[in-house]
Amino acid sequence: MTVPRSLDPGTGPRPLPDFSRGAATVERMLRAVEGLRPAPRDAAAPRAVAGTRPGEGRSVPAPRVLLPAHALRRSVVGAVAGAAGLAGATIAAGAGVLLALSRTGPEAPSLGLLAAEAALGLLVLVLGGLGLRFALSGLAAARASVEIGAEEIVSRGALRTRRVRWEDVVDVEARVVHPVHWLTVALRLRGGRRVVLPALDRPVREHGRPSAEGVRILRRELHRRRRRGPGHR
């Protein structure tokens with residue numbers, strides 16, 4: 001369509017505005033928008049979870065990490081129960097000291113006084129042991145983990161970290177009774193030693209229930225490595 005050069009016969013010829021500069025501006029804006037679009041993802045690029053060994057071209061999958069079930073709840077319960085137990089042990093110890101200081105005279109203490117002191121001493125041991133146990137259990141629930149790597153298993157507990165190579169693992173025991181962890185999972189190593197996995201602790205009431213998913217993952221990985229033979233991952 002042609003654009004007339006005049007609006008009407010009475011006004012005479014009048015030049016229309018030049019829109020060439022505006023068109024150039026729109027084109028620059030479109031090119032800027034095209035430049036802001038993300039580039040298409042290369043399907044052959046390695047994922048962020050994989051790494052490359054030095055001197056090798058193959059990628060190594062990132063280790064799988066197992067965490068405790070209900071970690072927050074177990075941490076809070078362990079901290080509260082541990083604090084209560086240790087506080088009770090402290091009070092009982094103070095009462096025992098006061099009772100011992102209440103003796104007067106050179107005569108031998110009565111049988112009732114000795115029984116009370118023995119009961120307080122036993123109470124200190126029981127409450128202190130339970131408080132320490134719950135405190136360690138809560139700390140383990142807060143920081144424990146099991147890292148399943150290509151070469152080894154890394155178990156982090158409340159106080160230390162254990163590293164076990166796959167070739168040293170003989171079996172995964174799902175129902176191990178431990179004085180601190182109570183019902184837990186352990187790796188049985190060559191020579192009969194055990195390495196406890198605090199991240200897989202369970203309440204004692206679950207002794208008769210099926211094994212947790214973490215146990216099945218470890219056993220599947222162990223059986224897969226046995227089928228492939230030594231020297232394979």
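This is a tutorial dialogue about reading the features of a predicted model.

Biologist: I have the structure open beside me. Where do I start, and how many helices and strands are there in the protein chain?

Modeller: Welcome! Keep in mind that this is a predicted model. The protein chain holds four helices and nine strands. Along the sequence, they follow the pattern α-β-β-β-α-α-β-β-β-β-β-β-α.

Biologist: What share of the 233 residues counts as buried?

Modeller: For the protein chain, 27% of the 233 residues count as buried. The chain exposes about 16,200 Å², and carbon and sulfur atoms supply 62% of that area. You can also look at contacts between residues at least 6 apart in sequence: 45% of them join residues at least 24 apart.

Biologist: Now the strands. What holds the strands of a sheet together?

Modeller: The general idea is that strands of a sheet pair through backbone hydrogen bonds, either parallel or antiparallel. In this structure, a good example is an open sheet of three strands in the order E7-E8-E9, with antiparallel pairing. Strand E7 (169-178) and strand E9 (194-202) are the edge strands, each pairing on one side only. From one strand to the next, the twist averages 30°.

Biologist: How many bridges join E7 to E8?

Modeller: Seven bridges join E7 to strand E8, which spans residues 182-189. You can pick out individual partners too: Val 176 stands opposite Thr 184 in E8, and Val 177 has Leu 183 as its bridge partner in E8. The two strands form a hairpin with three residues between them.

Biologist: And what about the other side of E8, where E9 pairs with it?

Modeller: There, five bridges join E8 to E9, and the strands run antiparallel. Arg 188 stands opposite Arg 194 in E9. This is a hairpin as well, with four residues between the strands. Look in the turn for Gly 191, which has a positive phi of about 95°.

Biologist: Is E8 mostly covered or mostly exposed?

Modeller: Strand E8 is mostly covered, with six of its eight residues buried. While you have the sheet in view, find helix H4 (residues 213-228), which lies across E7, E8 and E9. Helix H4 runs at about 160° to E7.

Biologist: Which way do the side chains of a strand point?

Modeller: In a regular strand, they alternate between the two faces of the sheet. Keep that idea in mind as you move to some other strands. Strand E4 (residues 145-148) and strand E5 (residues 152-156) pair in the antiparallel sense over four bridges. Ser 145 has Arg 156 as its bridge partner in E5, and three residues lie between the two strands of this hairpin.

Biologist: How many bridges are there between E5 and E6?

Modeller: E5 pairs with strand E6 (residues 161-165) over five bridges, again in the antiparallel sense. Ser 155 has Arg 162 as its partner in E6. These strands form a hairpin with four residues between them.

Biologist: Let me try single residues. Is Arg 165 buried, partly exposed or exposed?

Modeller: Arg 165 lies in strand E6. Arg 165 counts as partly exposed because its relative accessible area is 37%, which falls between the 20% and 50% cut-offs. Setting aside neighbours within four places in sequence, Arg 165 is in contact with Glu 151 and Glu 152. The C-alpha atoms of Arg 165 and Glu 151 are separated by 6.1 Å, although the residues are 14 apart along the chain.

Biologist: And why does Glu 117 count as buried?

Modeller: Glu 117 is found in helix H3. Its relative accessibility is 18%, and buried means under 20%. Beyond its neighbours within four places in sequence, Glu 117 is in contact with Leu 99, Ala 100 and Arg 103.

Biologist: Last one: how much space lies in the largest pocket, and which residues are closest to its centre?

Modeller: The largest pocket holds about 640 Å³ of space. Of the 26 residues that line it, the closest to its centre are Ala 69, Arg 74, Asp 201, Arg 202 and Pro 203. Helix H2 (71-101), helix H3 (111-143), E9 and H4 each supply at least two residues of the lining.

Technical notes: Residues are numbered from 1 along each chain as its sequence is written. This is a predicted model: local features need pLDDT of at least 70, side-chain atom pairs count only at pLDDT 80 or more; totals for chains, interfaces and linings use all residues. Side-chain values use heavy atoms; hydrogens and water are left out. Two strands pair if DSSP finds at least two bridges between them. Axes are lines fitted to C-alpha atoms, for helices over the stretch in contact, and angles run from 0 to 180 degrees between N-to-C directions. Contact means heavy atoms within 4.5 Å. Buried means under 20% relative accessible area, exposed over 50%, partly exposed in between (1.4 Å probe, protein chains only). Accessible areas come from the Shrake-Rupley method with a 1.4 Å probe; for residues, only the protein chains shown count as cover. On a 1 Å grid over the protein atoms alone, a cavity is a set of points where a 1.4 Å probe fits but cannot get out, and a pocket is an open set with protein on both sides within 12 Å along at least five of seven lines; lining residues have an atom within 4 Å of a point. Grid points are joined across faces, edges and corners, and a volume is the space filled by probe spheres set on the points.
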